[in-house]
Amino acid sequence: MRCISLHLGERVHGANSAKCSSTLRYLEIVNPIHNRRLIVPILEGVGLIFGMHQKFHEHDAGTSHPERPERLSAVLSGIGEAHLGEAVEFFAPTPAPIDILYRVHDKAYVDALRRFCLMGGGRLDPDTSVSEASWDAAILAAGSGLDAIARLDRGEAESAFLAVRPPGHHAVIDRAMGFCLINNVAVAARALADRGERVLIVDFDAHHGNGTQDIFYSDPSVLYASFHQYPLYPGTGRASEVGKGEGLGRTINIPLPAGSTIGTYRAAIDQIISPEVELFSPTWVLISAGFDSHYIDPLTDLGLTSFDYRIFIDWLFSLVPTGKRIVFLEGGYDLDALRVSTAETLAAMVGEGFGFEKSSSEEADLKTIEAIRTARARSLEL
Ligand SMILES: [Zn+2]
């Protein structure tokens with residue numbers, strides 16, 4: 001992405017969207033998949049708002065748990081390394097109103113989670129434990145998406161990155177799962193859909209976002225697309241899972257074998273996701289950014305590099321105007337990979353370079369893509 005400034009018909013190219021000083025600013029976006037140009041106005045304000053709260057550090061998932069507070073330190077180091085300066089403005093989120101949580105999760109589950117945390121916490125499932133501080137962290141993580149929407153609506157920035165703990169995409173309607181308590185991206189998507197927006201959620205975490213899928217499985221206002229390693233926890237996310245009822249076709253699953261690299265992701269985008277996104281015509285894009293799809297992550301075996309996350313940002317940010325894009329932190333358990341992946345993502349979000357690593361192999365596993373396309377088509381015809 002780059003910024004161009006317009007002066008009475010004169011077009012002057014600037015180096016970076018967030019640092020242009022002109023009062024009338026436009027963004028020229030080149031969609032890397034289709035090489036299509038799009039000119040959109042830039043709202044006044046900083047390039048990127050970054051949501052983080054001290055309470056996110058206080059959520060204790062248990063001794064030696066991979067989802068640990070040091071992950072946020074790695075993310076903060078990533079901001080420093082990206083050298084984004086005044087392009088980034090920090091904000092401290094406020095808790096999500098409880099009524100909005102009830103729009104996504106069962107009231108009984110939310111109330112029980114609150115009581116359980118406030119009584120000191122403990123183990124919720126084999127992977128998911130909470131401490132007393134976890135309730136505050138969870139409602140602040142969910143609230144960060146709502147705050148980001150309000151801030152972007154006011155024109156404070158072009159996009160938002162939310163460095164939240166606990167993550168959210170495994171949390172289903174009636175229970176916690178896989179390190180997740182409240183489904184943060186779903187809370188934001190629900191709020192947007194409730195006001196008539198068409199919301200695209202793209203999830204590139206190595207694990208399938210079963211919670212997000214379940215919450216919107218019958219909902220035509222949200223298009224959920226997930227790239228994930230398969231088979232892997234939680235075991236869902238087959239290509240044949242395509243949504244149901246009014247939501248039929250609004251779930252897109254791209255289950256990938258271990259070692260998959262960006263070439264295969266690109267083929268999936270081009271051949272499977274982009275045609276559906278074009279028909280859906282999203283008004284907002286929310287990204288479940290799980291950096292455990294990086295090749296050195298200790299829990300998974302996919303083959304992306306930190307540079308590859310830039311490709312997602314460039315593609316997804318080209319789909320909607322500025323001020324309508326939010327990135328939510330999900331997984332990512334190698335601290336170095338998390339640091340450089342965050343830096344690359346944030347730099348891409350404001351149109352800057354970073355480039356610690358090169359992209360992974362452009363070779364595409366077309367056999368896998370064809371099998372996914374066929375399985376999906378068969379399910380849609382049933
Ligand atoms: Zn994950």
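## Close-up views of a predicted model

**View 1. An open sheet of parallel strands.** In this predicted model, 8 strands line up as an open sheet with parallel pairing, and their order is E6-E5-E9-E14-E13-E10-E11-E12. The two edges belong to strand E6 (88-91) and strand E12 (251-256); each has a single partner strand, so one side of each is left without a neighbour in the sheet. On average, and ignoring direction, neighbouring strands here are turned by 15° against each other. As background, the strands of a sheet pair through backbone hydrogen bonds, either parallel or antiparallel. For the wider setting, the chain has 11 helices and 14 strands.

**View 2. Strands E5 and E9 side by side.** Here we look at strand E5 (residues 46-51) and strand E9 (residues 157-162), which run parallel and are joined by 5 bridges. To find your way, look for Phe50: its bridge partner in E9 is Phe161.

**View 3. Strand E10 and its surroundings.** How many residues of strand E10 (residues 199-203) are buried? The count is 5 of the 5, so E10 is largely enclosed by the rest of the structure. Val199, Ile201 and Asp203 point one way from the strand, while Leu200 and Val202 point the other way, and all are buried.

**View 4. The two partners of E10 in close-up.** Strand E11 (residues 222-229) runs parallel to E10, and 5 bridges join them. Leu200 has Leu223 as its bridge partner in E11. To get from E10 to E11, the chain passes through helix H7 (residues 210-215), making a right-handed β-α-β crossover. Strand E13 (residues 284-289) also runs parallel to E10 and is joined to it by 5 bridges. On this strand, the bridge partner of Val202 is Ile287.

**View 5. Helix H4, with a buried side and an exposed face.** Helix H4 (residues 107-118) has 12 residues and spans 17 Å from its first C-alpha to its last, close to the 16 Å expected at 1.5 Å a residue. Which residues of H4 are buried? They are Val110, Leu113 and Cys117. These residues cover an arc of only 65° around the axis, which puts them on the same side of H4. They pack against helix H3 (98-102), strand E8 (128-130) and helix H5 (134-153). Turned away from that buried side is a face carrying the exposed residues Lys107, Ala108, Arg115 and Leu118. Follow the chain past the helix and you meet Gly120, whose phi is positive, near 115°.

**View 6. Helix H11 and what covers it.** Helix H11 (residues 366-381) has 16 residues, and the distance from its first C-alpha to its last is 22 Å, close to the 22 Å expected at 1.5 Å a residue. Ile369, Ile372 and Arg376 are buried in this helix. Their arc around the axis is only 60°, which puts them on the same side of H11. The cover over these buried residues includes helix H8 (262-280) and E12, the latter being one of the edge strands from the opening view. On the other side of H11, Leu366, Lys367, Thr374, Arg378 and Glu381 are exposed.

**View 7. Stepping back to the whole chain.** Of the 382 residues of the chain, 54% count as buried. Among contacts between residues at least 6 apart in sequence, 75% join residues at least 24 apart.

Key
Residues numbered from 1 in each chain as written. Predicted model: local features only at pLDDT ≥ 70, side-chain atom pairs only at ≥ 80, totals over all residues. Pairing = 2+ DSSP bridges. Helix = DSSP H or I, 4+ residues; strand = E, 2+ residues; numbered from the N terminus. Axes fitted to C-alpha atoms, helices over the stretch in contact; angles between N-to-C directions. Expected span 1.5 Å × (residues − 1). Buried ≥ 20, exposed ≤ 12 C-beta atoms within 10 Å, placed from the backbone. Arc of directions from axis to C-beta. Contact = placed C-beta atoms within 7 Å. Right-handed = clockwise from strand over helix to strand, strands pointing away.
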